[in-house]
Amino acid sequence: MLGALPPIVDPNVMVATAGRDDAAVYRIAPDRALVATVDFFTPIVDNPAEYGAIAAANALSDVYAMGGRPLFALGITAFPRDKLKTGLLEKIVAGGAAKMTEAGIAVVGGHSVDDPEPKFGYAVIGEVHPDRIVGHDGARAGDSLYLTKALGSGLVATAIKRGLCPPELEREAIEVMMTLNRQASEAMVAAGATAATDVTGYGLIGHLSNLKGGADIYLEKVPFMNGIGELVKRDLFPDGSRRNHAAFRDRVDWAGLAEPSQMLLCDAQTSGGLLVAIPPEQARQFEAGVKSAQLIGVMRDDGVIRVTT
């Protein structure tokens, strides 16, 4: 789809589609640049306010992944008009607005359309210094690779839809998805991160593939939500996770890892954590700033992703 866009000739466009980064960056002054992103999706949990909050955290995450500071947001919603009188949409909007308030920004407007299938999200505008953009292409061999949230939300979302998710796992997943990546972003910038991305629809392996270089991944260090193994045994992976595995499996040296475990590393996430490359001498500083950060591997310079068990 992006191939249908014409070439970009504006010299102020610093980051756009060609680099597959998490957000666009546009320079507006020698020391200022805007970060712009948009994201929305169908409901993945039953509680409307929590759905709104997850959508907000997810949209903000792309700005955080670039090392930016959000400034304001615009809401995007598609919703069936015949359901408006139930108050569901108001609860979704209020839940999202509360999360944006937590992030320190306002929702200043938006757009809605009548649609039989609900969808909700935001366009978010942020700011970053042009010399401090954290993109996909700066990691160096030997950099420590961190993940700041546990994996498993794709499986959980499918289990919720089928009425098969244990309540405690559902609660954990919702809390993870509603958590802002703000603290992790601030900590990675302070620690001199060389590259970063947020782990969302393409799963851990897919988003790692966008980082220049390659990596050794220590499977035993990768954080997963408690009890996610039971959902793996039931093969509750969403279609997005299956597409991810089909697209990226041949890029990885799996070292004999069974396919269900491969799929878990390709599980399509919603509002996942940041995947961050940190110079090893700054690793302790980053860990001190983000208690949830897990060291899951080390960057390579040969383009190979290798999973060690």
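A residue counts as buried when its relative accessible area is under 20%. That cut-off is handy from the start, because Cys-266 has a relative accessible area of 0% and so falls on the buried side. Everything that follows comes from a predicted model, and the tour runs from the two sheets to a few residues picked out along the way.

Take the sheet that begins with β1. Its 6 strands follow the order β1-β2-β3-β6-β4-β5; the sheet is open and the pairing is mixed. At the edges sit β1 and β5 (106-114), and since each has a single partner strand, one side of each is left without a neighbour in the sheet. Going from one strand to its neighbour in this sheet, the turn averages 25 degrees, direction ignored.

Up close, the pairing goes like this. Strand β1 (residues 13-15) runs antiparallel to strand β2 (residues 24-29), and 2 bridges join them; Val-13 has Tyr-26 in β2 as its bridge partner. Next along, β2 pairs with strand β3 (residues 32-41), again in the antiparallel sense, over 5 bridges. Arg-27 and Ala-33, the latter in β3, are bridge partners, and the hairpin that takes β2 into β3 passes through 2 residues. At the other end of the order, strand β4 (residues 69-79) and β5 go parallel, with 8 bridges between them. There, Gly-75 is matched with Gly-110 in β5.

Helices come into the picture too. Helix α2 (residues 88-102) packs on this sheet, where it touches β4, β5 and β6, and its direction makes about 20 degrees with that of β6. Meanwhile α1 lies across β3, β4 and β6 (119-128), at about 30 degrees to β6.

Helix α1 (residues 48-65) is also home to Ile-54. How buried or exposed is Ile-54? Its relative accessibility is 0%, so Ile-54 counts as buried. Setting aside neighbours within four places in sequence, Ile-54 is in contact with Phe-41, Ile-44, Val-45, Met-177, Met-178, Thr-270 and Ser-271. Between the C-alpha atoms of Ile-54 and Phe-120 there are 9.9 Å, although the two are 66 residues apart along the chain.

The other sheet to look at is open as well, with 7 strands in the order β8-β11-β7-β12-β9-β13-β10 and mixed pairing. Its edge strands, β8 (195-198) and β10 (252-253), each pair on one side only. Helix α5 (residues 182-190) packs on the sheet by touching β8 and β11 (274-278), and its direction makes about 15 degrees with that of β11. Further in, strand β9 (residues 214-218) and strand β12 (residues 294-300) run antiparallel and are joined by 4 bridges. In that pair, Asp-216 stands opposite Val-298 in β12.

Back to Cys-266, by way of a histidine. His-245 sits in helix α8 (residues 239-248) and is buried, because its relative accessible area is 2%. Beyond residues up to four places away in sequence, His-245 touches Glu-259, Gln-262, Met-263 and Cys-266. With Gln-262 there is also a polar contact, side chain to side chain, at 2.9 Å.

Cysteines deserve a last word. Cys-165 counts as buried because its relative accessibility is 12%, and Cys-266 is buried at 0%. How many disulfides does a search of the whole structure find? The number is 0.

Technical notes. Residues numbered from 1 in each chain as written. Predicted model: local features only at pLDDT ≥ 70, side-chain atom pairs only at ≥ 80, totals over all residues. Heavy atoms only, no water. Buried < 20%, exposed > 50% of the residue type's maximum accessible area, 1.4 Å probe, protein only. Polar contact = N/O pair within 3.5 Å; in protein donor to acceptor, adjacent residues only side chain to side chain. Contact = heavy atoms within 4.5 Å. Disulfide = S-S within 2.5 Å. Pairing = 2+ DSSP bridges. Axes fitted to C-alpha atoms, helices over the stretch in contact; angles between N-to-C directions.
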